Amino acid sequence: MFETRPDRDAEVALLGRSNVGKSTLMREITGHSFDTGGKPGVTREPNHYDWAPEDFVVTDLPGFGFMAGVEEGRREAIKTDIVRYLEQYAERILAGVVVLDGKAAVDIIDRHSGPDEIPHTVELFGFLQEVGIPAVLAVNKMDKVEDRDERLDAIADRFGLYPPWQQWEAETIAPISAKRGTIEPLNQAVRHHLHAAKRDDLFKFF
Ligand SMILES: Nc1nc2c(ncn2[C@@H]2O[C@H](COP(=O)(O)OP(=O)(O)OP(=O)(O)O)[C@@H](O)[C@H]2O)c(=O)[nH]1
């Protein structure tokens, strides 16, 4: 089981399968360097960092789904740990950010969709909503995507978000390029959920 988390109000959890660019994004968010481009699936435990310059704690959760060299049982255990962590801290997690590879996501999702199969990423997105954690899709590697609007519409569709994708901009769909350092749409989405949470807190007094 995962160890404890810091006692801070604004926690943002970062999720995504291997190779979507989570480490690159973490470096952009925190200003620290992370081990990128190494073995897939290297992050195994949740790690907490400051989201600079915002006053958030960002929790890097292990990559899930396909992990080369990691056996099935271990993969399932990691997934169970992620689910438990999210359930346990749902009330205090401000947003769950699911990082996608903008270029590859639709193909991967379609390959894993079937009558008895839900792709891990889509399942996780639904799970976040089920436990009441606002879910954000950080669509990364947009620098590689040529048909931007079509691609983002297709992604929205796969996650049950009615296109056009622009309807979900600012809260749920954040097209970014971690490598280029263009992550403002993600900052904006997370800030949106921070303000929404503060508003809800205020209402508790009435
Ligand atoms: N073109 C492009 N490539 C990116 C971007 N972000 C990350 N990459 C590349 O994608 C590859 C994977 O990036 P990582 O940050 O290591 O991915 P990760 O999700 O942390 O992978 P794991 O360590 O397996 O969990 C690297 O070659 C990165 O340089 C991006 O915005 N655009």
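Modeller: One term before we start: two strands pair if DSSP finds at least two bridges between them. Also keep in mind that this is a predicted model.

Biologist: Fine. How many helices and how many strands does the secondary structure of the chain come to?

Modeller: Walk along the sequence and you meet the pattern β-α-β-β-α-β-α-α-β-α-β-α. Tallied up, the secondary structure is six helices and six strands.

Biologist: In what order do the strands sit in the open sheet?

Modeller: The sheet is open and has six strands, with mixed pairing. Its edge strands are β2 (47-51) and β6, each of which pairs on one side only. On average, neighbouring strands are turned by 25° against each other, direction ignored. Reading across the sheet, the order is β2-β3-β1-β4-β5-β6.

Biologist: You say mixed pairing. In which sense do β2 and β3 run?

Modeller: For contrast, take β1 and β3, which pair in the parallel sense over four bridges; there, L14 has D60 of β3 as its bridge partner. Between β2 and β3, Y49 stands opposite V58. Five bridges join β2 to β3, and the sense is antiparallel.

Biologist: How many bridges do β4 and β5 pair over?

Modeller: Strands of a sheet pair through backbone hydrogen bonds, either parallel or antiparallel. Here G96 stands opposite A135 in β5. β4 and β5 take the parallel sense, and the number of bridges is six.

Biologist: How many of the residues of β3 are buried?

Modeller: In a regular strand the side chains alternate between the two faces of the sheet. In β3, F56, V58 and D60 point one way, V57 and T59 point the other way, and all are buried. So β3 is largely enclosed by the rest of the structure, its buried count being five of five.

Biologist: Which strand gives the most to the largest nonpolar core?

Modeller: In soluble globular proteins, nonpolar side chains tend to be buried together. The largest nonpolar core here has 50 residues, and V12, V97, V98, L137, A138 and V139 have the most contacts inside it. Beyond its neighbours within four places in sequence, V97 is in contact with V12, A13, L14, L15, V136, A138 and L186. With seven residues, the strand that gives the most to this core is β4.

Biologist: Staying with β4, is L94 buried or exposed?

Modeller: L94 is found in strand β4 (residues 93-101). Leaving aside neighbours within four places in sequence, its contacts are A10, E11, V12, H193, L194 and A197. The cut-off for burial is 20 or more other C-beta atoms within 10 Å. L94 has 22 C-beta neighbours inside 10 Å, so it counts as buried.

Biologist: Over to the helices. Why do the buried residues of α5 line one face of the helix?

Modeller: The buried residues of α5 (residues 148-158) are L152, I155, A156 and R158. Seen down the axis of α5, they line one face because they fall within an arc of 165°.

Biologist: And which elements are included in what covers those buried residues of α5?

Modeller: Both helices and strands turn up in the cover. The helices include α3 (105-111) and α4 (120-130), and the strands include β4, β5 (135-140) and β6 (173-175).

Biologist: At about what angle does helix α1 run to β2?

Modeller: Helix α1 (residues 22-30) lies across β1 (11-15), β2, β3 (56-60), β4 and β5. Its angle to β2 is about 45°.

Biologist: Now the odd backbone spots. Is K141 buried or exposed?

Modeller: K141 lies in the loop between β5 and α5. Its phi is near 65°, a positive value in a residue other than glycine. There are 23 other C-beta atoms within 10 Å, so K141 is buried.

Biologist: What is phi of A170 near?

Modeller: A170 is found in the loop between α5 and β6. It is partly exposed, with 13 other C-beta atoms within 10 Å. A170 is a residue other than glycine, yet its phi is positive, near 80°.

Biologist: What is omega of the cis peptide bond that joins P163 and P164?

Modeller: Just after α5, G160 takes a positive phi of about 75°. P164 has its place in the loop between α5 and β6. The bond joining P163 and P164 is cis, with omega about 5°.

How values were computed:
Residues numbered from 1 in each chain as written. Predicted model: local features only at pLDDT ≥ 70, side-chain atom pairs only at ≥ 80, totals over all residues. Helix = DSSP H or I, 4+ residues; strand = E, 2+ residues; numbered from the N terminus. Buried ≥ 20, exposed ≤ 12 C-beta atoms within 10 Å, placed from the backbone. Contact = placed C-beta atoms within 7 Å. Arc of directions from axis to C-beta. Axes fitted to C-alpha atoms, helices over the stretch in contact; angles between N-to-C directions. Core = buried A, V, L, I, M, F, W, Y, C linked by C-beta atoms within 7 Å.
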